[in-house]
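Hi,

Here's the structure I said I'd pass along. Have a look at it first, and then read my notes underneath.

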Amino acid sequence: MVFQGFKTEDTPKHLRVIDANARDTLYHIWLRNFRENLERISVGSIEQQKIFGNRTALIVGAGPSLKKQYNILQYGRGIPDGIEIFCADRVFKTLRNLRCPITYIVTVDADDKIAEYYEEPASEILYPSSILPVTCSPKVRPQGWERWYIPSIDPQTDKILQLMTDLPIIQSYGNVGATCCALAEYLGYKEIVLVGMDLAYDIDTPYEQMDWYNKLKEAGGEEMAKKAHKIIEHKVWKTKCISDPLMDAYRLSFYQFLSQTKCKVISSVEGGSIEHPRLEYKRLEEILDK
């Protein structure tokens, strides 16, 4: 879960409620999906993808700032050997349309809608390996290799799933971008570069298009709903974005990863909400030119 391993006092109460509600709502879906996926899981573990050497993982999230990087990602312009792309499932089709060379497409969600992200016809471009949680929807049927992992739920459930599959347990931190980072570290990458990982909405996004606004408006009225959405001005990129309670939860959880990782992590997001002492900030062009 998002805040597994946190000290209780380190997590605001309303974010603990979000975590608990997600577990109560989804736990039976995770176990049902696991049961249906069990036969498929035997085809391959992410353990088989471990690397050696000083390679860089370029994590591509689906945040609104990603469009700033399209010209670099198209056809893999300027992306040298030794930099390999981990692609969030929701942005897979965008990168395919850009003819961007992807090493892995990663999923963490259990929802059936995720299958739509993998609906891609075969082409002359090599289909990337798919890294899937054992709890993902059985409707997710990617082309190419499937590699599996256990998304950490709680110690007891994790242990049972591992005994049944012999797969590694990976902390998901609640969202696919952060999961990509955790997977990259596990696989042996020494450097992680972030693009499109905003954990926030574009500043011009109407409230009605934000996931939590209508829920909060229905529960407590428009004024309360708007107060729960805050404007964040990034001190490095000098950009503005909007965060809601769910994005706050994801960001706090990702900071846990940053505080614990041994990887060098560089933000090339050029926007969004992520700021942390462990981050370096460089434009993607600077990294690719080194």
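Below is what turned up, starting with the strands and ending at the surface.

One thing to keep in mind: this is a predicted model.

Let's begin with β11, which covers residues 264–267. On one side of the pairing list there's β7 (residues 191–195), which runs parallel to β11 over four bridges. If you want a spot to zoom in on, V193 sits opposite I266 of β11. β11 also pairs with β12 (residues 279–281), again in the parallel sense, this time over three bridges. There, S267 has Y281 in β12 as its bridge partner.

Then there's an open sheet of three strands, with antiparallel pairing and the order β8-β10-β9. Which strands stand at its edges? Those are β8 (201–202) and β9 (230–233); each has a single partner strand, so one side of each has no neighbour in the sheet. The pairing of β9 with β10 (residues 240–243) is antiparallel and spans four bridges. Within that pair, I232 faces C241 of β10 as its opposite number. As a reminder for when you look at side chains, those of a regular strand alternate between the two faces of the sheet.

Last, the charges. D109, D111, E116 and E119 together make up a negative surface patch. D111 is in the loop that connects β3 (104–106) and β4 (129–133). Is D111 buried or partly exposed? Its relative accessible area is 38%, so D111 falls between the 20% limit for buried and the 50% limit for exposed, and counts as partly exposed.

Cheers

Note on methods: Residues are numbered from 1 along each chain as its sequence is written. This is a predicted model: local features need pLDDT of at least 70, side-chain atom pairs count only at pLDDT 80 or more; totals for chains, interfaces and linings use all residues. Side-chain values use heavy atoms; hydrogens and water are left out. Patches are made of residues with over 30% relative accessible area and no salt bridge: like charges are joined within 9 Å, nonpolar side chains (Val, Leu, Ile, Met, Phe, Trp, Tyr) within 5 Å. Accessible areas come from the Shrake-Rupley method with a 1.4 Å probe; for residues, only the protein chains shown count as cover. A salt bridge is a side-chain nitrogen of Lys or Arg within 4 Å of a carboxyl oxygen of Asp or Glu. Lys and Arg count as positive and Asp and Glu as negative; His and the chain ends are not counted. The place of a charge is taken as NZ of Lys, CZ of Arg, CG of Asp or CD of Glu. Helices (H or I, at least four residues) and strands (E, at least two) are DSSP runs, numbered from the N terminus. Buried means under 20% relative accessible area, exposed over 50%, partly exposed in between (1.4 Å probe, protein chains only). Two strands pair if DSSP finds at least two bridges between them.
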